[in-house]
Amino acid sequence: MLYMVEMNVNIPHDMPEEVANEIKKAEKAYSQELQRSGKWAYIWRVVGEYKNVSIFDVESNEELHNLLSGLPLFPYMDIKVTALCRHPSAI
């Protein structure tokens, strides 16, 4: 199942920089692991924002939820999920 996931990150301004950097480091490692596995198929940065648009290829809603909630930045994200299916005009 394919999903478009929009993730808008809102790290608190009062979070110490070293704490934020450690969370970002863990986030990068986790997301790259998911990309290598094929579960996180694509990721794009949204210009001018701390936001990304990604495509996930997973078996179920539950799997997607578990992957997203495992993100180290998850507590600081606003997430929008859109289920996708192939368009009949696609070649």
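Helices (H or I, at least four residues) and strands (E, at least two) are DSSP runs, numbered from the N terminus. By that rule, Ala20 lies in helix 1. What you have here is a predicted model, in which local features need pLDDT of at least 70 and side-chain atom pairs count only at pLDDT 80 or more, while totals for chains, interfaces and linings use all residues. Residues are numbered from 1 along each chain as its sequence is written, and side-chain values use heavy atoms, with hydrogens and water left out.

**Helix 1**

Let's start with the length of helix 1. The expected span of a helix is 1.5 Å times one less than its number of residues. Helix 1 has 21 residues (residues 17-37), so it should span 30 Å, and the C-alpha atoms at its ends are indeed 30 Å apart.

Which residues of helix 1 are buried? The list is Ala20, Ile23, Glu27, Tyr30, Ser31 and Leu34. Their directions fall within an arc of 100° when you look down the axis of helix 1, so they line one face of the helix. Buried means under 20% relative accessible area, exposed means over 50%, and partly exposed is in between (1.4 Å probe, protein chains only). The arc is that of the directions from the helix axis to the C-beta atoms. As background, an α-helix has 3.6 residues a turn, so residues three or four places apart point the same way.

Turn to the face away from the buried side of helix 1 and you meet the exposed residues Glu17, Glu18, Glu22, Lys25, Lys28 and Arg36. The cover over the buried residues of helix 1 includes strand 2 (40-45), helix 2 (61-69) and strand 4 (77-84). Just after helix 1 comes Gly38, with a positive phi of about 90°.

Back to Ala20: its relative accessible area is 7%, so it counts as buried. Contact means heavy atoms within 4.5 Å. Apart from neighbours within four places in sequence, Ala20 is in contact with Ile11 and Met15. Ala20 and Tyr30 sit 10 residues apart in sequence and 15 Å apart in space, C-alpha to C-alpha.

**The sheet**

The open sheet has 4 strands in the order 2-3-1-4, with antiparallel pairing. Strand 2 and strand 4 are its edge strands, each pairing on one side only. On average, neighbouring strands of this sheet are turned by 20° against each other, direction ignored. Two strands pair if DSSP finds at least two bridges between them. Here is how the pairs look:

| Strand pair | Sense | Bridges |
|---|---|---|
| Strand 1 and strand 4 | antiparallel | 8 bridges |
| Strand 1 and strand 3 | antiparallel | 7 bridges |
| Strand 2 and strand 3 | antiparallel | 5 bridges |

Tyr3 is handy for finding your way around: it stands opposite Ala83 in strand 4 and opposite Phe56 in strand 3. Phe56 also has Trp40 standing opposite. Elsewhere, Met4 has Ile55 in strand 3 as its bridge partner, and Val9 stands opposite Met77 in strand 4.

Strand 2 and strand 3 form a hairpin with 5 residues between them, and Gly48 in the turn has a positive phi of about 80°. Strand 3 is mostly covered, with 5 of its 7 residues buried.

**Helix 2 and the core**

Which residues of helix 2 are buried? They are Glu63, Leu64, Leu67 and Leu68. These residues cover an arc of only 130° around the axis, which puts them on the same side of helix 2. The face turned away from that buried side carries the exposed residues Asn61 and Glu62. Among the elements covering the buried residues of helix 2 are strand 1, helix 1, strand 3 and strand 4.

A nonpolar core is a set of buried Ala, Val, Leu, Ile, Met, Phe, Trp, Tyr and Cys residues joined through side-chain atoms within 4.5 Å. The largest nonpolar core has 19 residues, and Val5, Met7, Phe56, Leu64, Leu68 and Leu71 touch the most other members. Strand 1 (2-9), helix 1 and helix 2 each supply at least two residues of this core. Leu64 is a good one to click on: leaving aside neighbours within four places in sequence, Leu64 is in contact with Tyr3, Val5, Phe56, Val58 and Val81.

Note on methods: Axes fitted to C-alpha atoms, helices over the stretch in contact; angles between N-to-C directions.
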